[in-house]
Amino acid sequence: MNVTESRFKNRQLHMEDYLQMVSAEQKEYAEVFDYRKIAEKSSIITGYWTDNLLDLILRKDNLNKAYKRVKSNKGAGGTDGMQVDELLPYLKENQETLIWQIRNGRYKPNPVRRVEIPKETKGEYRKLGVPTVVDRVIQQAITQELMPIYEEQFSENRFGFRPQKGQHDALRQCQKNVNDGYVYVVDMDLEKFFDTVCQSKLIEVLSRTIKDGRVISLIHKYLNAGVLVKGMFERTEIGMPQGGPLSPLLSNVMLNELDKELERRGHRFVRYADDCMIFCKSRKSAERTLSNILQFIEEKLFLKVNRKKTKVSHISRVKYLGYTFYRHQGKCRFRVHPKSVGKMKERIREITDRHKGISNEKREEMYQQFVRGWVEYYKLADMKSLLKETDQWARRRIRAVYWKQWKKPRTRYRMLRALKCEHWVAREMIRCRKGYWRMAQVIGSVFKNEIVVKLGYMSMFDYYLIVREN
């Protein structure tokens, strides 16, 4: 394609006027950039900007969008101590230098800050890397331009970290496969995927699509930036940091090689992030599939498969994305996995802990947020009886909180009378020497469910009936 000089000039965007501040009473930042297209049809410019991708990444409106995304996500600062609120003044002062360094290959990313989060398995931790806020903006800008390019290559059976796709879509695809008779699965577990990714293989895969060597070099620098663990620097010659905006996309690019191989072999599969299930019609077929695919994963992609957790199972014995499966009248349906139920109850225990020093307003807000989020996620499952039992248990805990707060006999008497309790019944209750948990059941006759709901503790069962999709 011939690009005229005038049209190319419009692409040479610098970062002056990158963000324009408005008055304190108005918005914190304003969009002031106008992106002019080179041609009406994007297919005409695809090849050109694949070869000159860095110019597209450093476009003003793309950087502005990346900044706002990082700002809205908030999050903790990295190794340099800079917080998200300090990002805007820094960018305004150093924007030209930053752009020049990136464009000329002089930019050096900071090491990430290591954070360890406990896994479900006791004694195991998930290692996260927290980049600096400046690096998060640059990574976000890269991701925004690479995502549309790779979306065209990704399999329809991959659901993690993709626009307009999520866990529920993955689960519905699993349901469809089971209904079609694929009731045996290879439950694949990649061992410490983010920590064991072969960087040279990842760079090779990226280079097939990205022809701008400056972008490949910048991504490689982020992979090799290293980590700070308790103040000590560690090199990262293998793996990639889990926690930055770029990591989800890179993981999908790497595992897209596995998706292509599974599709080439004609398998039905569902993958969300590194959680992959391959569906087969018989146990022997599933065992044969597992044996064959292991060689490709370990010898071609240089990834490690956790042999202990990778297994062939009937669909009814599999946990996937917090759900479990069962068949009713020949159709596949969902339940909440017992481990997910246990985690849910543990969280309710924390919120309704009567020794927790928080205000009632804060507790009510935390409870509502958790209930809405949890039920929205598990709305595909059949769980009426589970939620009825959970509501009953949670309300008793809430009553115990209030009984402890009322504390003095005269306060308890006044509150019981306000709940329209008979005088002599209230007198009997305040003289009772039983513990908080037992009294929470006793006062349930006057401290009714409707009152608990009015206080802000919404019913999980009632909300489930509104949002359920099964």
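The paragraphs below lead from the overall make-up of this predicted model to one helix, one hairpin, one buried asparagine and several salt bridges.

The protein has 20 helices and eleven strands, and of its 470 residues 47% are buried. Among the contacts with a separation of 6 or more, 72% are between residues 24 or more positions apart. The surface that the protein exposes comes to about 25400 Å², with carbon and sulfur atoms supplying 47% of it.

Helix H4, which covers residues 60-73, is a convenient place to begin. Its 14 residues reach 20 Å from the first C-alpha to the last, close to the 20 Å expected at 1.5 Å a residue. The buried residues of H4 are Lys60, Asn62, Leu63, Asn64, Ala66, Tyr67, Lys68, Val70 and Lys71, and they pack against helix H3 (53-57), helix H5 (87-103) and helix H6 (133-151). An α-helix has 3.6 residues a turn, so residues three or four places apart point the same way. After H4 comes lysine 74, whose phi is positive, near 60 degrees.

One residue of H4 also takes part in a salt bridge: lysine 71 is joined to aspartate 85, with the closest N and O atoms 3.3 Å apart. This pair links distant parts of the chain, since lysine 71 lies in helix H4 and aspartate 85 in the loop between H4 and H5, 14 residues apart. The two partners differ in their surroundings, because lysine 71 has a relative accessible area of 15%, below the 20% limit for a buried residue, whereas aspartate 85, at 60%, is over the 50% limit and counts as exposed.

Further along the chain, the reader can turn to strand S6 (residues 268-272), which is largely enclosed by the rest of the structure because four of its five residues are buried. S6 pairs with strand S7 (residues 275-280) in the antiparallel sense over five bridges, and tyrosine 272 stands opposite aspartate 275 in S7. The two strands form a hairpin with two residues between them, and in that turn alanine 273 has a positive phi of about 55 degrees.

Asparagine 252, in helix H11 (residues 247-264), offers a view of how separate stretches of the chain meet. Its relative accessibility is 1%, and so asparagine 252 counts as buried. Leaving aside residues up to four places away in sequence, asparagine 252 touches Phe154, Arg158, Gly160, Phe161 and Arg271. The C-alpha atoms of asparagine 252 and phenylalanine 154 are separated by 8.1 Å, although these residues are 98 residues apart along the chain. With arginine 158, asparagine 252 makes a side-chain polar contact of 3.0 Å.

Returning to charged pairs, the structure holds 28 salt bridges. In one of them, lysine 165 and glutamate 156 bring their closest N and O atoms to 2.9 Å; lysine 165 is partly exposed at 24% relative accessibility, while glutamate 156 is exposed, with a relative accessible area of 55%. In another, the side chains of glutamate 376 and lysine 379 meet at 3.5 Å, N to O. Here glutamate 376 is partly exposed, with a relative accessible area of 29%, and lysine 379 counts as buried at 13%. Glutamate 376 and lysine 379 also belong to a network of salt bridges in which they are linked with Asp169, Arg172 and Glu469.

Terms used. Residues numbered from 1 in each chain as written. Predicted model: local features only at pLDDT ≥ 70, side-chain atom pairs only at ≥ 80, totals over all residues. Heavy atoms only, no water. Buried < 20%, exposed > 50% of the residue type's maximum accessible area, 1.4 Å probe, protein only. Contact = heavy atoms within 4.5 Å. Polar contact = N/O pair within 3.5 Å; in protein donor to acceptor, adjacent residues only side chain to side chain. Areas by Shrake-Rupley, 256 points an atom, 1.4 Å probe, with all protein chains shown as cover. Pairing = 2+ DSSP bridges. Expected span 1.5 Å × (residues − 1). Salt bridge = Lys/Arg side-chain N within 4 Å of Asp/Glu carboxyl O.
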